[in-house]
Amino acid sequence: MKIVINDIPPSNNKYMGKTYNYAVYQREKQRWHWLIKCAIKERPKKPIEKAIIDITYYFKNRTRRDPDNYSGKMLLDPLVREGILADDSFNNIILVLAAGYDKNDPRTEIEIRSVEDDKEARACTGKEEKR
């Protein structure tokens, strides 16, 4: 399953430290929930229990960015609330972050692969079938 949002969530740094405003943060979280809800084209019959989540941010410039500032917080919580993922804890997901460059089409792409349905994913989690 692939979800594409034509925006990039704010860096975690925007809401940390002395300039942190909880109400502004909550509004931005709600905005991202709405963006993700609108971008979901298909839904699983039941929430995915174990998944590999690949998040790729395509920035409009090549400015240096730290992956830990784009942790996926504003992306993962809505996926749970919308019934795509059962849970977004370490026990349930493997999170892979990447960045690219696209001056003309900055966006966020989220690819979700069920560990149960994906042989490569099972190998990553040590759950590959024994032969």
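A pocket, as the word is used here, is an open set of grid points with protein on both sides within 12 Å along at least five of seven lines, and a residue counts as lining the pocket if one of its atoms is within 4 Å of a point. With that in mind, let us walk through this predicted model, starting with the largest pocket. Its lining is made up of Met1, Glu42, Pro44, Lys46, Pro47, Ile48, Glu49, Ile112, Ser114, Glu116 and Asp117. The space in the largest pocket comes to about 200 Å³. Sorted by class, five of the lining residues are nonpolar, five are charged and one is polar.

Now step back to the chain as a whole. You will find three helices and four strands in the chain, and following the sequence from its beginning you meet them in the pattern β-α-β-α-β-β-α. Of the 131 residues in the chain, 38% are buried. The accessible surface is about 8500 Å², and carbon and sulfur atoms hold 48% of that area. Distant parts of the sequence meet often: among contacts with a separation of 6 or more, 83% join residues 24 or more positions apart.

A good place to look next is strand β2, which spans residues 51-59. Is this strand mostly covered or mostly open? It is mostly covered, with eight of its nine residues buried. Beside β2 runs its partner, strand β3 (residues 93-101), and the two pair in the parallel sense over nine bridges. To see the pairing up close, find Ile55, which stands opposite Leu97 in β3.

From the strands, move on to helix α2, residues 73-81. Its buried residues are Met74, Leu75, Leu76, Asp77, Pro78 and Leu79. What covers them? The cover includes strands β1 (2-5), β2, β3 and β4 (107-114), together with helix α1 (22-39). After α2 comes Gly83, which has a positive phi, near 80 degrees.

Helix α2 also leads us to an enclosed space. The structure holds one cavity of 30 Å³ or more, and the volume of the largest cavity is about 50 Å³. Which residues line the largest cavity? They are Pro9, Pro10, Asn12, Tyr57, Tyr70, Ser71, Gly72, Lys73, Met74 and Leu75. Helix α2 gives the most to this lining, with three residues. By class, the lining divides into six nonpolar residues, three polar and one charged.

Two single residues round off the tour. The first stop is Arg43, in the loop between α1 and β2. Why is Arg43 called partly exposed? Its relative accessible area is 46%, and partly exposed covers the range between the 20% limit for buried and the 50% limit for exposed. Apart from neighbours within four places in sequence, Arg43 is in contact with Met1, Lys37, Glu82 and Ile84. One of these partners, Ile84, is 41 residues from Arg43 in sequence, yet their C-alpha atoms are 6.3 Å apart.

The second stop is Gln30, found in helix α1. Gln30 counts as exposed because its relative accessible area is 54%, and exposed means over 50%. From Gln30 you can look across to Met74: the two are 44 residues apart in sequence, with 8.7 Å between their C-alpha atoms. Met74 is a residue we have already met, both among the buried residues of α2 and in the lining of the largest cavity.

Terms used
Residues are numbered from 1 along each chain as its sequence is written. This is a predicted model: local features need pLDDT of at least 70, side-chain atom pairs count only at pLDDT 80 or more; totals for chains, interfaces and linings use all residues. Side-chain values use heavy atoms; hydrogens and water are left out. On a 1 Å grid over the protein atoms alone, a cavity is a set of points where a 1.4 Å probe fits but cannot get out, and a pocket is an open set with protein on both sides within 12 Å along at least five of seven lines; lining residues have an atom within 4 Å of a point. Grid points are joined across faces, edges and corners, and a volume is the space filled by probe spheres set on the points. Ala, Val, Leu, Ile, Met, Phe, Trp, Tyr, Cys and Pro count as nonpolar, Asp, Glu, Lys and Arg as charged, and the others, Gly among them, as polar. Buried means under 20% relative accessible area, exposed over 50%, partly exposed in between (1.4 Å probe, protein chains only). Contact means heavy atoms within 4.5 Å. Accessible areas come from the Shrake-Rupley method with a 1.4 Å probe; for residues, only the protein chains shown count as cover. Two strands pair if DSSP finds at least two bridges between them.
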